[in-house]
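The following exercises are to be worked through with the sequence and the coordinates at hand. Each task is followed by a solution in steps.

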Amino acid sequence: MAVSSWIVIVVCFIPILVNIVNGTCVESLQGIYPALVRISEIENDTVLLNTTTLPTLIWNFALSEVDNAVNLDKALEQDLFENFINISKSDTHIEVKLLKPLNTEYFCKIYNKQLNSFIIGITCKDPGNSAPIPLSFTVSNLEVDEFKPEFRIQPLTITIPESSPIGTTLLLINNTLKDEDCPPNFGLNTIRLTNYTIDPQVNGISVVEIRLGSVGDVVLKQKVDFDKEYAVRRPVYFMVNVRVTDPQNRLTTTTLRINIKDVNDLPPAFDEFSYTSHTSIKHRGKLTVTPSAIHAVDQDVSINCSVIYSLVDSGPFSQSLNIDSTTGELSQIEDVTSAPDVIQIQATETCPDTTTQLSQTVPMLITLNNNTVHLPPDAGKSTAEEGSDFRLILIIIGVVALVVIIALLVGFVFYYKRMSRAVRPDEDRPETPRTEEEDLDTDRSGSKEVLLDPMVLPTPTGRKGQLPPLNMTSTGTETDRKKKRSRRRKKNKEPDIYDGTREYEKAADPTFFKSTQKDKIKRSTRSKDNKTTEPNRRINVENE
């Protein structure tokens, strides 16, 4: 694809004819002037030359130059005059005509020639003259932008280390494009990077950009912390869309993936900021470390180098101790001084693919038996002593659990009894013996109208046709029962009530029956034999 301009401008020359008088070739050749024609590579059926002639004239056509090169390919010349250019001659005219387009892509591919221009040598010979007359006829073939640019590989992918500085050139978009036009030095209108909207989390429009004034140079706009991104998503990469247009605004798009590679830039990290251990002067063997065992890991998680442990030489105290380089287990191998000391433990990473070995140190305080009364147990305790402490802890936990269970059971029993008293009916509770006066008082004060369902009324039985006694169970609420209990408590304050149905072992009181103003009345006809009569029914008796 090329810019619409003339690739070659040929200055053609016309040979000066001398010493030819009355030559008929001269008249025919004058019809060709100027000996130049311009065409485009997509033109077809175009007449390149047309002039008059005589039957006696002898004409000859040959390819003399291609793209300013005189070293001609005979196969190209033969192909050109057999398949692309037709020369026809009659008694009166000679015509040179284009049979099909002179496609530059074809000649580039077959002959490695662009065929932007070529010169045809023409000779005309008159039988009356001994020498032929030559003429150079030039054809300029204009290249046309036929194809839009295409990416050689799709999608585009690059990998950069996280340590790359801002402004680093990552990719030349121009080198990733191809063009079917010949020559391939096509023109580009714009190259742009746009947002990757399919997955906004990996949108890399803030990470890369096109360098201003360049032809598609992708540079790093912002540094990326691999370890920070790795904690959020894996793998760590970014995506952008690439849009390319040519001078005819034909668009080609693809995606660019930027993979971020982790580099070994972080030292190992210990689980704790500091450690403590306790020993005695003569102790030998493993030391217990608090608050946890010595352990460190590489912070470059994707590289994950192995870690070795060592003691930094910080005085005579460190000479008495030894640390396992693989596990980090600390032990005492010699007698130690009586004063507490702080030693430095170092973790160094070992990575097979890099020469950079980073390390980190952490302090450890070593205390001895004879300089404090509140010391942790000796680190060199036997297995039996450690098992005894463990059993003591289990016993204490068991006793505490038993006390809690007993307290819960007692509380549950107390709660159950209290709730049972609150909801148990009066008739379920034991009652003290009551006198008949108390029964009468209870019937009178607590009685109320009872509604009987006709469907449950008693019917005559087979025993002498009598009805069974009515069930006078009260439908009173909890409030009624409370009132009954309140009345029982006031039984000693209430006056005796006489209903005239009881028998007393004493003489009748004549004054009671003769008096016209009585404080006591008969309220019921209840008797011992007839207990089915409604107790709330009043009977007024007039006294004479």
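**Exercise 1.** In what order do the strands of the open sheet that contains β19, β23 and β24 stand, and what is their pairing?

*Solution.* The model is predicted: local features need pLDDT of at least 70 and side-chain atom pairs count only at pLDDT 80 or more, while totals for chains, interfaces and linings use all residues. Residues are numbered from 1 along each chain as its sequence is written, and side-chain values use heavy atoms, with hydrogens and water left out.

Step 1. Locate the strands, which are DSSP runs of E with at least two residues, numbered from the N terminus; helices are runs of H or I with at least four. Two strands pair if DSSP finds at least two bridges between them.
Step 2. The order is β19-β24-β23, and the pairing is antiparallel.
Step 3. β19 (285-286) and β23 (321-323) are the edge strands, each pairing on one side only.
Step 4. β23 is joined to β24 (residues 330-332) by three bridges; L321 has Q332 as its bridge partner in β24.

**Exercise 2.** Determine which strands stand at the edges of the sheet β10-β14-β13.

*Solution.* Step 1. This open sheet has three strands with antiparallel pairing.
Step 2. β10 (169-172) and β13 (208-210) each have a single partner strand, so one side of each lacks a neighbour in the sheet.
Step 3. Three bridges connect β10 with β14 (residues 217-220), and T169 lies opposite V219 of β14.

**Exercise 3.** Describe helix α3 (residues 104-111), its buried residues and its two ends.

*Solution.* Step 1. Buried (under 20% relative accessible area, 1.4 Å probe, protein chains only) applies to T104, E105, F107, C108 and Y111.
Step 2. These residues pack against α2 (74-84) and β7 (133-142), where contact means heavy atoms within 4.5 Å.
Step 3. At the N-terminal end, N103 acts as cap, with a side-chain oxygen 2.9 Å from the backbone nitrogen of E105.
Step 4. After α3 comes N112, with a positive phi near 60°.

**Exercise 4.** Is T348 of strand β25 (residues 341-350) buried or exposed?

*Solution.* Step 1. T348 has 16% relative accessibility and therefore counts as buried.
Step 2. Its side chain makes a polar contact with the side chain of Q346 at 3.3 Å; the term denotes a pair of N or O atoms within 3.5 Å, one able to donate a hydrogen and the other to accept it within protein, and residues adjacent in sequence count only if both atoms are side-chain atoms.
Step 3. Leaving out residues up to four places away in sequence, T348 touches residues including P268, V307 and L358.

Methods: Buried < 20%, exposed > 50% of the residue type's maximum accessible area, 1.4 Å probe, protein only.
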